[in-house]
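The following exercises concern a single protein chain. Please work through each task with the coordinates at hand before reading its solution.

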Amino acid sequence: MLDFDIYYVMNLRGIKNTFTYLRKLGFSKHKTYVYKNHSNSVVNIKDLEKLCVALKFTPNDLFNYIPDSDKQLPAV
């Protein structure tokens with residue numbers, strides 16, 4: 001499972017109020033809530049680019065891979 005964790009980068013940048021910061025970047029209230037509360041299953045590429053430019057990081061910094069305990073990767 002991939003986890004979109006915006007808090008990690010925000011904490012590295014010293015940003016305490018994630019909601020206010022995302023709203024200042026131009027995100028809607030709904031999208032800000034979704035990103036802030038990890039309740040998203042889709043991340044818009046344009047949003048990802050906007051975040052990367054504003055926070056000076058790469059998409060790799062936002063995503064964590066958490067292996068499912070009940071699923072095995074196929075053998076290569």
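Five exercises follow, each with a worked solution.

The model is predicted: local features require pLDDT of at least 70, side-chain atom pairs count only at pLDDT 80 or more, and totals for chains, interfaces and linings use all residues. Residues are numbered from 1 along each chain as its sequence is written, and side-chain values use heavy atoms, with hydrogens and water left out.

**Exercise 1. Overall architecture**

Task: Determine how many helices and strands the chain contains, and establish the order of the elements.

Solution. Step one is the assignment: helices (H or I, at least four residues) and strands (E, at least two) are DSSP runs, numbered from the N terminus. This yields 4 helices and 2 strands. Step two is the order, which reads β-α-α-α-α-β from the N terminus on. Step three is the extent: the C-alpha trace spans about 45 × 25 × 20 Å along its principal axes. Step four concerns contacts, meaning heavy atoms within 4.5 Å. Of the contacts in the chain with a separation of 6 or more, 57% are between residues 24 or more positions apart. Finally, 28% of the 76 residues are buried, where buried means under 20% relative accessible area, exposed over 50%, and partly exposed in between (1.4 Å probe, protein chains only).

**Exercise 2. The two sides of helix H3**

Task: Identify which residues of H3 are buried, and explain why they lie on the same side of the helix.

Solution. Begin with the accessibility along H3, which covers residues 29-36: Thr-32, Val-34 and Tyr-35 are buried. These residues cover an arc of only 165° around the axis, and therefore lie on the same side of H3; the arc is that of the directions from the helix axis to the C-beta atoms. Next, consider the other side of H3, where Lys-29 and His-30 are exposed. The packing partners of the buried residues are strand S1 (2-4) and the helices H1 (6-12), H2 (18-24) and H4 (45-55). Thr-32 serves as an example, with a relative accessibility of 0%. Beyond its neighbours within four places in sequence, Thr-32 is in contact with Phe-19, Leu-22, Arg-23 and Phe-27. After H3 comes His-38, with a positive phi near 55°.

**Exercise 3. Asn-17 and Thr-18**

Task: Locate Asn-17 and list its side-chain interactions; then state whether Thr-18 is buried or exposed.

Solution. Asn-17 is in the loop between H1 and H2 and is partly exposed, at 44% relative accessible area. A polar contact is a pair of N or O atoms within 3.5 Å; within protein, one must be able to donate a hydrogen and the other to accept it, and residues adjacent in sequence count only if both atoms are side-chain atoms. The side chain of Asn-17 reaches the backbone nitrogen of Phe-19 at 3.4 Å, and a polar contact of 3.0 Å joins it to the side chain of Thr-20. Turning to Thr-18, this residue is in helix H2 and is buried at 3% relative accessibility. Apart from its neighbours within four places in sequence, Thr-18 is in contact with Ile-6, Tyr-7, Met-10 and Lys-36.

**Exercise 4. The largest nonpolar core**

Task: Find which residues of the largest nonpolar core touch the most other members, and which element supplies the largest share.

Solution. A nonpolar core is a set of buried Ala, Val, Leu, Ile, Met, Phe, Trp, Tyr and Cys residues joined through side-chain atoms within 4.5 Å. Among the 15 residues of the largest core, Phe-4, Ile-6, Leu-22, Leu-51, Leu-55, Phe-57 and Leu-62 touch the most other members. H1, H3 and H4 each supply at least two residues of this core, and the largest share, 4 residues, comes from H4. The contacts of Leu-62 outside four places in sequence are Asp-3, Phe-4, Asp-5, Ile-6, Val-9, Leu-48, Leu-51 and Phe-57.

**Exercise 5. Aromatic rings**

Task: Characterise the ring pair formed by Phe-4 and Phe-63.

Solution. A pair of aromatic rings is described by the distance of the centres and the angle of the planes. Rings of Phe, Tyr and Trp (its six-membered ring) pair if their centres lie within 6.5 Å; planes under 30 degrees apart count as stacked, over 60 as edge-to-face and the rest as tilted. The whole structure holds 3 aromatic pairs. Phe-4 and Phe-63 form a tilted pair, 5.4 Å centre to centre with 55° between the planes. This pair links Phe-4 in strand S1 to Phe-63 in strand S2 (residues 63-65), 59 residues apart. Phe-4 is buried at 4% relative accessibility, whereas Phe-63 is partly exposed at 29%. Ring pairs join Phe-4, Phe-27, Tyr-35 and Phe-63 into a cluster.
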